[in-house]
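Student: I'm new to this one. Could you pick a single part and take me through it slowly, with whatever surrounds it?

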Amino acid sequence: MKRSVIAAVLCIAALSLASCSSNKSQESSRDYVPAENAVTDTTEAETEEEFHERHDYSDGILIGRWHGYDADIIFQEDGNVSASYDISDVMLFNSDGTFMFDGTEYAKDTVEYDGKTLKVTIDDEGDKVELLALERIGEPDATAQVFDGEYNITSEVVKDMLAGYIGCENDDIDLRIVIKYGKCSLFAKDFTKYKQSGDTVDFDGETLELGGFSYNMDEPCTFVYEDNILVIYNSEGVFEAFTRYYESKDEPETTEASETSETSEDIDEVSESD
């Protein structure tokens, strides 16, 4: 009974996530740039002039967070790339302590948090059913009312559902949940590696799709950065567009408890924790 209830709830949530992903994909900027002579050899930089003017960018220009249609990507100083998916349409903690899951509100007393472990347990005809279980990464938060932080997902069923949302198995990648101001994001830590030289960026393409990239961005690509817009081109002119991310001034100020947490700002910056 318990597994069937959770399976039904998560199945509906998975459909909601799939719908969100489909809507974003329809808005995607992926397209082909017209070029009279398609380029197939990216080892010679001058062959890509059909797509954009070449630039000699300084090393590290890509480092930071970029907003994309499918996910936000974070280029890190250590050569890794992480991705963040906004799943607050499906999972959200309200300021009054209640939990929203796929449009259903669960009362405050279903949420248990001791500063380290965050659980949502619902009642099913007298049986207690664990809907969500997370374990905080880093030091426990002394203020139990503040959920902001980065968490490992200890609910295997939930982790399977979220992994399926981005098209992978849950043991293929380090998946985490980041909570900020009650909003939940799925954080794919270090899903690929990159090397940048001038306006050329080379990805380790085994798991590129997990960050919202086209599968054919696994060859050396070139990019243009102008007016906070980053456009990455592959050898055929297929491109991905991203906007440099800046935290909105309209967002509420971080509480004292979350400011002291080691992981409270991980939605904006990449966690250095393992």
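Tutor: Helices (H or I, at least four residues) and strands (E, at least two) are DSSP runs, numbered from the N terminus. The model is predicted, so local features need pLDDT of at least 70 and side-chain atom pairs 80 or more, while totals for chains, interfaces and linings use all residues. Residues count from 1 along each chain as its sequence is written, and side-chain values use heavy atoms, without hydrogens or water.

A quick warm-up with helix H2, residues 156–165: its buried residues (under 20% relative accessible area, with exposed over 50% and partly exposed in between, using a 1.4 Å probe and protein chains only) are Val 158, Lys 159, Met 161, Leu 162, Ala 163 and Tyr 165. After H2 comes Gly 167, with a positive phi near 80°.

Now for our part, strand E3, which covers residues 80–86. Six of its seven residues are buried, so the rest of the structure largely encloses E3. What does E3 pair with (pairing takes at least two DSSP bridges)? One partner is strand E2, residues 72–75, which runs antiparallel to E3 and is joined to it by four bridges. Look across from Ser 82 in E3 and you'll find Ile 74. E2 and E3 make a hairpin with four residues between them, and Gly 79 in that turn has a positive phi of about 90°. E3 also pairs with strand E12, residues 183–197, again in the antiparallel sense, this time over six bridges. There, Ser 84 has Phe 187 in E12 as its bridge partner.

Let's step back into E2 and follow Phe 75, which is buried at a relative accessible area of 1%. Its ring centre lies 6.2 Å from that of Phe 203 and the planes meet at 35°, so this pair is tilted (rings of Phe, Tyr and Trp, the last by its six-membered ring, pair with centres within 6.5 Å; planes under 30 degrees apart are stacked, over 60 edge-to-face, the rest tilted). It's one of 12 aromatic pairs by this rule. Phe 203 belongs to strand E13, residues 200–203, and sits 128 residues from Phe 75 along the chain. Phe 203 is buried too, at 4%.

Phe 75 turns up once more in the largest nonpolar core (buried Ala, Val, Leu, Ile, Met, Phe, Trp, Tyr and Cys joined through side-chain atoms within 4.5 Å). Of that core's 61 residues, Phe 75, Phe 93, Phe 99, Leu 186 and Ile 232 touch the most other members.

How values were computed:
Two strands pair if DSSP finds at least two bridges between them.
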